[in-house]
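Here are my notes for you to read with the model open beside them. Take the points one at a time and find each spot on screen as you go.

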Amino acid sequence: KGLGTDEACLTEILVSRKNDQICALKKAFKEEYKCDLIDAIRSDTSGDYYKVLEALAKGERAEDVQVNDELVDADARALYEAGEKIKGTKTTVFIEILIKRSFPHILSVMQNYKKFSKNDLSKAVDLEMKGDIERCLLDILKVAMGKADYFAEKFYLAMKGSGTKCKELNRLLLSNSEGNMKGIKAAYKRRYGRSLNADLMAEKLGQDYEEIVLAICGPDN
């Protein structure tokens with residue numbers, strides 16, 4: 001809503017939510033704004049980035065935890081042949097695999113990709129894609145490597161630099177308040193050597209806001 005589109009917010013929400021959460025989100029969006037979420041995305045985005053968001057918004061990602069080794073190997077090869085092996089990039093192959101396969105499957109694909117390339121899959125995406133679609137696909141790979149680490153980085157970036165991005169911080173806290181914060185705080189401490197609570201207090205958010213934020217965050221592990 002308003003001038004411009006918050007691509008980072010769209011990406012974060014759609015890459016990190018489960019199918020049932022996306023389904024509930026679309027229902028709530030339509031009730032609140034009287035239009036389909038996919039139609040709204042179409043009006044504000046374009047090109048390959050829109051195709052990725054549209055596919056994510058359908059909520060059709062496989063969610064099984066079992067991994068088929070033959071399919072993993074085939075997907076790793078397909079991604080290499082659709083990107084680094086050729087001149088140009090077959091973006092549709094990346095979208096089909098990274099949007100529809102389960103996260104455990106994608107993690108195995110990332111490990112197997114090294115059989116075909118000197119680069120890891122994240123580097124290959126960086127070489128083959130640019131702009132919003134690159135950031136979106138890289139976020140998918142980060143979620144596959146660990147959702148707690150993914151959100152720990154998001155919290156860090158919301159506080160990095162001059163000033164605190166309170167809108168992003170609020171979204172991160174509220175969307176992870178039901179049972180996710182313990183894992184995120186452990187990942188944050190492991191990645192940055194400091195507790196998330198300590199860094200939040202260092203931001204000087206103001207007494208009332210800080211108390212609310214720390215209450216949602218919960219005590220240090």
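1. A term to start with: a crossing is left-handed if the near helix is turned anticlockwise from the far one by less than a right angle, and right-handed if clockwise. With that in hand, look at α1 and α4, where α1 passes α4 in a left-handed crossing. Keep in mind throughout that this is a predicted model. The two helices, α1 and α4, pack at an angle of about 35°, and their axes are 9 Å apart.

2. So who is touching whom here? On the α1 side you'll find E7, L10, T11, L14 and V15, and they meet Y49, L53, L56 and A57 of α4. Sort the residues of this α1 and α4 contact by class and you get seven nonpolar, one polar and one charged.

3. Now stay with α4 (residues 47–57) and look for α9 (residues 131–145): these helices pack at about 35°, with axes 8 Å apart. The crossing of α4 and α9 is left-handed. From α4, the contact uses D48, Y49, V52 and L56, while α9 brings D132, I133, C136, L137 and I140. By class, the α4 and α9 contact has seven nonpolar residues, two charged ones and no polar ones.

4. C136 deserves a second look. How many disulfides does a search of the whole structure find? The search turns up zero. A disulfide is a covalent bond between the sulfur atoms of two cysteines. The sulfur of C136 has its closest cysteine sulfur in C9, but at 12 Å that is too far for a bond, because the cut-off for a disulfide is 2.5 Å. Seen from the other end, C9 is in no disulfide either, and its nearest cysteine sulfur is that of C136.

5. Are C9 and C136 buried or exposed? C136 is buried, with a relative accessible area of 0%. C9 is buried as well, at 18%, because the cut-off for buried is under 20%.

6. Next, helix α10 (residues 147–159). Its 13 residues reach 19 Å from first C-alpha to last, close to the 18 Å expected at 1.5 Å a residue. The buried residues of α10 include Y150, F151, F155 and M159, and also the charged-looking pair to check on screen, E153 and K154. Which helices do the buried residues of α10 pack against? They pack against α1 (7–16), α9, α11 (166–175), α12 (181–192) and α13 (196–202). After α10 comes G161, with a positive phi near 85°.

7. While we're on phi: most residues other than glycine have a negative one. K34 is not a glycine, yet its phi is positive, about 60°. You'll find K34 in the loop between α2 (19–33) and α3 (37–44), and at 67% relative accessibility K34 counts as exposed. K204 is another residue other than glycine with a positive phi, near 55°. K204 sits in the loop between α13 and α14 (207–217), and K204 is exposed, with a relative accessible area of 70%.

8. Last stop: S108, in helix α7 (residues 103–113). S108 counts as buried, at 17% relative accessibility. Leaving out residues up to four places away in sequence, S108 touches V67 and V72. Try finding M145 too: M145 and S108 are 37 residues apart along the chain, and their C-alpha atoms are separated by 9.7 Å.

Terms used: Residues are numbered from 1 along each chain as its sequence is written. This is a predicted model: local features need pLDDT of at least 70, side-chain atom pairs count only at pLDDT 80 or more; totals for chains, interfaces and linings use all residues. Side-chain values use heavy atoms; hydrogens and water are left out. Axes are lines fitted to C-alpha atoms, for helices over the stretch in contact, and angles run from 0 to 180 degrees between N-to-C directions. Helices (H or I, at least four residues) and strands (E, at least two) are DSSP runs, numbered from the N terminus. Contact means heavy atoms within 4.5 Å. Ala, Val, Leu, Ile, Met, Phe, Trp, Tyr, Cys and Pro count as nonpolar, Asp, Glu, Lys and Arg as charged, and the others, Gly among them, as polar. The expected span of a helix is 1.5 Å times one less than its number of residues. Buried means under 20% relative accessible area, exposed over 50%, partly exposed in between (1.4 Å probe, protein chains only).
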